[in-house]
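Please look at the assembly shown here. The paragraphs after it go through one chain contact, one helix pair, the symmetry and the domains.

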4 protein chains.
Amino acid sequence: MPVGSRPGGRSARVRAAVLAAARTLLVDRDAELTVERIAQAAGVNKTSVYRRWTDLEGVLGDLLTEYANSYVPIPDTGRLDSDLEQLALLVRSGMTGEPGDLVTALAAAAPRNPRAAQVVRGFFAERFGLAEVVVGRAVARGEAPAGTDARAAIEFLGAPFFLRRLVVGEPIDEQFARRVAAAGAAAVRAGAFVAPRDVSIVDGSRAF
Amino acid sequence: MPVGSRPGGRSARVRAAVLAAARTLLVDRDAELTVERIAQAAGVNKTSVYRRWTDLEGVLGDLLTEYANSYVPIPDTGRLDSDLEQLALLVRSGMTGEPGDLVTALAAAAPRNPRAAQVVRGFFAERFGLAEVVVGRAVARGEAPAGTDARAAIEFLGAPFFLRRLVVGEPIDEQFARRVAAAGAAAVRAGAFVAPRDVSIVDGSRAF
Amino acid sequence: MPVGSRPGGRSARVRAAVLAAARTLLVDRDAELTVERIAQAAGVNKTSVYRRWTDLEGVLGDLLTEYANSYVPIPDTGRLDSDLEQLALLVRSGMTGEPGDLVTALAAAAPRNPRAAQVVRGFFAERFGLAEVVVGRAVARGEAPAGTDARAAIEFLGAPFFLRRLVVGEPIDEQFARRVAAAGAAAVRAGAFVAPRDVSIVDGSRAF
Amino acid sequence: MPVGSRPGGRSARVRAAVLAAARTLLVDRDAELTVERIAQAAGVNKTSVYRRWTDLEGVLGDLLTEYANSYVPIPDTGRLDSDLEQLALLVRSGMTGEPGDLVTALAAAAPRNPRAAQVVRGFFAERFGLAEVVVGRAVARGEAPAGTDARAAIEFLGAPFFLRRLVVGEPIDEQFARRVAAAGAAAVRAGAFVAPRDVSIVDGSRAF
DNA sequence: GAATAAACGAGACGGTACGTCGCGTCTTTAC
DNA sequence: GTAAAGACGCGACGTACCGTCTCGTTTATTC
């Protein structure tokens with residue numbers, strides 16, 4: 001959704017001001033995140049916001065995309081357990097900060113705003129995709145059975161953070177992250193994410 | 001927030017009509033679920049809705065409570081794996097149907113409506129509580145290590161369904177449910193949910 | 001377009017406040033007659049205006065209707081000349097005051113607002129209709145030829161006031177009104193408004 | 001407001017395109033006649049319109065001026081009646097066609113746009129001025145009393161066309177034009193437009 | 001024939017008003 | 001005397017034009 005046009009022009013200024021204002025209002029809890037308020041906080045006319053984004057969710061989507069483009073180090077410690085732990089701690093710090101609010105806001109808007117749904121899905125598709133290599137390496141090292149569905153494993157690892165954040169509402173501390181990582185590692189090692197047709201083989205090999 | 005009064009009075013009739021209308025609009029996708037629309041569909045004045053509930057979320061909360069009060073059979077097959085699988089299949093059928101929509105709607109409202117958050121949390125606290133016995137039995141049978149945190153395990157089991165439903169948006173089929181159950185069982189068996197203070201002991205025992 | 005409902009209720013209060021505010025803003029030249037400003041001046045929410053009237057023109061239409069319902073004495077002096085003169089002076093005082101502004105505003109909106117056009121037409125249809133009796137009496141007295149089209153005569157009499165008001169913009173003084181009346185009387189007496197088929201007869205009689 | 005510069009340059013081309021587009025949109029009823037739409041229809045940027053004209057009304061003013069500069073034959077049949085009839089038929093054809101729409105649009109804008117008011121007044125001042133000679137000749141021929149105010153008579157003649165066009169909205173057919181001419185001729189002949197101070201003389205002469 | 005100045009296309013911008021929707025409150029009538 | 005009917009204040013929505021403003025790109029004169 002970003003327009004871009006000339007980088008140094010007025011366009012860029014307005015765009016930056018709006019995103020910054022949105023970010024501020026997002027952090028300020030109980031700040032009624034509306035288009036009008038964002039525009040006002042950005043010192044920009046409401047019309048200018050609608051010229052660029054179709055929606056409030058469009059703005060938030062761009063914010064989220066900015067985060068998506070920021071560098072996230074994928075851990076590579078040589079062991080599945082510590083890789084997943086590092087990953088879980090990264091997810092935790094992401095979920096408790098600003099992007100967590102963004103995801104919450106967008107996920108809340110998703111049921112009635114297809115674009116919001118698309119943005120948030122795209123964000124996670126990318127994030128999860130990056131993390132899959134961790135599982136792939138474990139398979140290569142023999143820590144995880146061949147045929148392990150990396151995507152499923154990562155989704156399984158990330159899920160509890162969302163449940164807490166969006167539904168349960170309890171705090172997400174480091175211990176929680178470590179426990180989730182441990183569970184994920186155990187499940188991966190036990191072959192719970194091996195693709196169905198291979199399961200029989202794995203089960204068979206496990207019988208010995 | 002429900003009033004109740006006398007069961008056969010106007011109160012009861014209005015209440016039933018509103019809940020039925022809300023349920024209908026909830027099932028009809030793209031039906032914009034607003035108080036005014038519900039009142040109209042119920043053949044009732046908007047004021048009558050606000051007399052009984054503080055919010056749209058209040059109505060949905062009552063709807064969810066009705067589901068919460070409906071009987072859910074907790075599986076007891078004698079083995080952890082099949083118990084969790086049954087449980088996961090139950091969760092799946094719950095998430096794909098009407099209560100799934102309810103939870104989605106309430107979870108969406110949660111960030112700006114504390115009561116909605118409370119309702120949805122209460123719902124899950126109860127559901128998860130009921131399911132914990134499954135883990136307890138596994139511990140008793142020796143299938144799971146002593147000190148296993150049943151609540152954490154169940155939360156871990158349920159989480160992927162929410163992620164799919166609220167965020168990722170992919171369909172939740174039986175295979176998905178079975179895989180989640182398998183992962184959960186593996187993690188439980190591996191002791192990933194043993195409480196921290198016992199972890200040292202476990203670690204200690206693992207040292208030998 | 002007026003709603004009416006209960007006379008002493010809130011409805012009536014809002015309605016009166018809006019009409020009064022509109023009247024005030026109408027008189028204040030350069031006062032940007034908009035719905036929002038009227039609502040603000042009336043101490044009423046914009047929504048309440050739109051609840052009752054579809055348009056700004058709807059409000060003005062009601063104002064005009066109020067004037068239409070106010071009593072206007074139709075002169076009956078016994079002579080066509082003085083009757084028309086009285087009438088012209090009445091039209092003049094109407095055109096130079098508030099209803100003149102109303103008509104101006106509505107006539108301006110008419111080309112793009114059918115309802116405004118309808119209102120202003122209805123207003124004049126009624127006004128002109130009332131004034132026709134003056135011509136009718138003149139015919140009965142023998143001052144005007146039989147078959148005189150009273151409607152056409154009155155339209156002819158009223159027209160110069162509109163031209164001045166809407167187009168030319170010059171002031172409309174008493175002398176102007178008297179001259180218009182004199183011209184109208186002369187035209188009526190000369191049989192200029194006798195229906196076409198009768199014209200030949202009149203012309204014939206005039207030939208002698 | 002027209003710039004002109006060199007006749008074959010871009011300026012002239014843009015100017016012509018804009019005026020042509022405006023004329024087209026003016027004829028197409030229900031075409032919303034806005035600056036943006038005109039610019040688009042002209043294949044010209046909005047800025048280019050504003051570079052040349054201050055307003056939409058400025059454009060329409062130029063359009064009207066073009067019509068004003070077009071030749072209008074002032075009838076000279078030798079008799080007042082037929083002169084006025086010819087004139088009325090000319091006015092009719094002008095009012096029912098494109099210039100009628102122009103006048104309507106400009107008259108509608110006049111109350112809030114002084115320049116529009118000025119343009120439309122100027123147009124009529126010129127048109128009426130040209131037509132005055134008809135009355136002057138009638139006076140010279142003895143068909144009308146000396147001292148007849150030609151301007152007033154012509155205004156009186158033209159007025160009913162405006163009333164129909166701007167306010168009443170009924171069609172303007174040839175019969176209407178003829179009747180107006182007849183009424184005008186009768187009023188002129190009867191001395192209704194003789195200047196006030198002369199009225200006494202006329203009245204006196206009429207007394208005999 | 002190159003330099004230069006004016007006009008142009010493109011389109012973002014601040015601004016005002018529009019008309020709509022939904023919320024939750026409050027009054028009025030009627031049962 | 002309670003409750004249904006529905007108007008109300010409120011706030012935000014998203015749209016349409018307005019008239020202004022850069023910012024490159026032609027175009028057409030001028031040297």
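Chain D and chain C each bring 31 residues to their contact, where two residues are in contact if their C-beta atoms, placed from the backbone, lie within 7 Å. This is a predicted model, in which local features need pLDDT of at least 70 and side-chain atom pairs count only at pLDDT 80 or more, while totals for chains, interfaces and linings use all residues. Residues are numbered from 1 along each chain as its sequence is written, and chains are lettered from A and ligands numbered from 1 in the order in which they are written.

On the side of chain D that touches chain C, the elements giving two or more residues are α6 (98-109), α7 (114-141), α8 (150-168) and α9 (174-189) of chain D. Helices are DSSP runs (H or I, at least four residues), numbered from the N terminus. The most comes from α8(D), with 11 residues. By class, this side of chain D, the one touching chain C, has 24 nonpolar, four polar and three charged residues. Here Ala, Val, Leu, Ile, Met, Phe, Trp, Tyr, Cys and Pro count as nonpolar, Asp, Glu, Lys and Arg as charged, and the others, Gly among them, as polar.

Within chain C, helix α8 (residues 150-168) packs on helix α9 (residues 174-189) at an angle of about 155°, and their axes are 9 Å apart. The axes are lines fitted to C-alpha atoms over the stretch in contact, and angles run from 0 to 180 degrees between N-to-C directions. α8(C) and α9(C) are therefore roughly antiparallel to each other, a term for angles over 145 degrees. From α8(C), the contact uses C:Ala153, C:Phe156, C:Leu157 and C:Pro160, and from α9(C) it uses C:Val180, C:Gly184, C:Ala187 and C:Val188. Seven of the residues in this contact of α8(C) with α9(C) are nonpolar, one is polar and none is charged.

How is chain A related to chain B? A turn of 180° with a shift of 0.1 Å along the axis lays chain A on chain B with an RMSD of 0.2 Å, which is the relation of a two-fold axis. In chain A, A:Ala108 has the C-alpha nearest the axis, 1.9 Å from it. The superposition is by least squares on the C-alpha atoms of residues with pLDDT of at least 70 in both copies.

Chain A itself is divided into domain 1 (9-53) and domain 2 (71-189), with bounds that come from an automatic or database domain assignment. The centres of these two domains of chain A, taken over C-alpha atoms, are 30 Å apart. Domain 1 of chain A and domain 2 of chain A each give four residues to the contact between them.

Technical notes. Parallel < 35°, antiparallel > 145°, perpendicular 65-115°, else oblique.
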